[in-house]
Amino acid sequence: MAKKAIVLTANKFEDMEVFFPTFRLIEEGWQVDIAAPKKVQLHGENGYELGPDKTFDEVDPKDYDLLYVPGGAADGAPLEVSKNKKAQKIAQYFFKKGKPIVTICHGPYLLAAADVLKGRHLTSYWHDEVPEKVKAAGGIWKDKEVVVDKNLVSSRWPMDLPVFMREVVKLINKD
């Protein structure tokens, strides 16, 4: 049976940050579901669209082996996802169970809001107060193209996607 990943996003997502990792996970044999606050067509910052498979409320984190939180416009998908209580609970579950969590760009907004970063090393986009939110939540922010801290893999922006996915693939193939 294929392993399963859940992607948490919303309108105004960063197109490459959603599609590139989704396709790579599928290439690795994973089933990837995309969840959003509502089951409506979502619009990326660069013109791509997607229809989510589920709403956040329909996601049972026990059914998934990996959580992926991509970025987007600071006032778009990352902000909307971070304010959603169900999305926060999903993130908390993955951290509590030690399951893989991967995030890029503004994605750590959710992890900071879920209060799961204390003592964890990660990176993110370096503007829009992302590093400040990470540090305020107790995270140890680093300006590197990719940071791996046990089950947490993070990167800064779309140009880091190749090294980000190299580390994600290493993580998921450990088992």
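1. How far apart should the ends of α3 be, given its 13 residues at 1.5 Å a residue? The expected span is 18 Å, and the end C-alpha atoms do sit 18 Å apart, so the two agree. Keep in mind as you read on that this is a predicted model.

2. Now for the sheet. Picture an open sheet of 7 strands, running in the order β5-β2-β1-β6-β7-β11-β10, with mixed pairing. At the edges you'll find β5 (54-55) and β10 (146-149), each of which pairs on one side only. Helix α1 (residues 15-27) packs on this sheet and touches β1 (4-8), β2 (31-36), β6 (66-69) and β7, with its direction at about 150° to that of β2. Helix α3 (residues 85-97) also packs on the sheet. Its contacts there are β1, β6, β7 and β11, and its direction makes about 135° with that of β6.

3. Two strand pairs are worth tracing by eye. β1 and β2 pair in the parallel sense over 5 bridges; look for A5, whose bridge partner in β2 is V32. β1 is also mostly covered, with 4 of its 5 residues buried. Strand β7 (residues 101-104) and strand β11 (residues 152-155) are parallel too, paired over 4 bridges. In that pair, T103 has S154 of β11 as its bridge partner. As background, strands of a sheet pair through backbone hydrogen bonds, either parallel or antiparallel.

4. Back to α3, this time looking at how it begins and ends. At its start, a side-chain oxygen of N84 reaches to within 2.9 Å of the backbone nitrogen of K86. After the helix comes G98, with a positive phi near 70°. The buried residues of α3 are A87, Q88, I90, A91, Y93, F94 and F95. These pack against β1, β6, β7 and β11 of the sheet, and also against α2 (77-83) and α4 (108-113). It helps to remember that an α-helix has 3.6 residues a turn, so residues three or four places apart point the same way.

5. Q88 deserves a closer look. This residue lies in helix α3, and its relative accessible area is 10%, so Q88 counts as buried. A polar atom of the Q88 side chain lies 2.7 Å from the backbone oxygen of S82. Setting aside neighbours within four places in sequence, Q88 is in contact with S82, K83, L110, A113 and A114.

6. α1 can be read in the same order. Its 13 residues should span 18 Å at 1.5 Å a residue, and the 18 Å between its end C-alpha atoms agrees. At the start of α1, a side-chain oxygen of E14 comes to within 2.8 Å of the backbone nitrogen of M16. G29 follows the helix, with a positive phi near 95°. Buried in α1 are D15, E17, V18, F19, P21, T22 and L25, and these residues pack against β1, β2, β4 (49-50), β6, β7 and α6.

7. Next, the core. The largest nonpolar core has 55 residues, and the ones touching the most other members are L8, L25, L67 and F164. Which helix gives the most to this core? That is α6 (residues 161-172), with 7 residues. As for L67, its contacts beyond four places in sequence are I6, L8, I90, A91, F94, P100, I101 and V102.

8. α6 itself is mostly covered, with 9 of its 12 residues buried. Those are L161, V163, F164, M165, E167, V168, V169, L171 and I172, and they pack against α1, β6, β7, β10 and β11. The length works out here as well: 12 residues at 1.5 Å each should span 16 Å, and the end C-alpha atoms are 16 Å apart, which agrees.

9. One last stop: S155, in strand β11. Is S155 buried or exposed? Its relative accessibility is 0%, so S155 is buried. Leaving out neighbours within four places in sequence, S155 is in contact with T103, I104, C105, T123, S124, E145, V146, D160 and F164. If you want a sense of distance, try G47: 108 residues separate S155 from G47 in sequence, and their C-alpha atoms are 23 Å apart in space.

Conventions: Residues are numbered from 1 along each chain as its sequence is written. This is a predicted model: local features need pLDDT of at least 70, side-chain atom pairs count only at pLDDT 80 or more; totals for chains, interfaces and linings use all residues. Side-chain values use heavy atoms; hydrogens and water are left out. Two strands pair if DSSP finds at least two bridges between them. Contact means heavy atoms within 4.5 Å. Axes are lines fitted to C-alpha atoms, for helices over the stretch in contact, and angles run from 0 to 180 degrees between N-to-C directions. A nonpolar core is a set of buried Ala, Val, Leu, Ile, Met, Phe, Trp, Tyr and Cys residues joined through side-chain atoms within 4.5 Å. Buried means under 20% relative accessible area, exposed over 50%, partly exposed in between (1.4 Å probe, protein chains only). The expected span of a helix is 1.5 Å times one less than its number of residues. A polar contact is a pair of N or O atoms within 3.5 Å; within protein, one must be able to donate a hydrogen and the other to accept it, and residues adjacent in sequence count only if both atoms are side-chain atoms.
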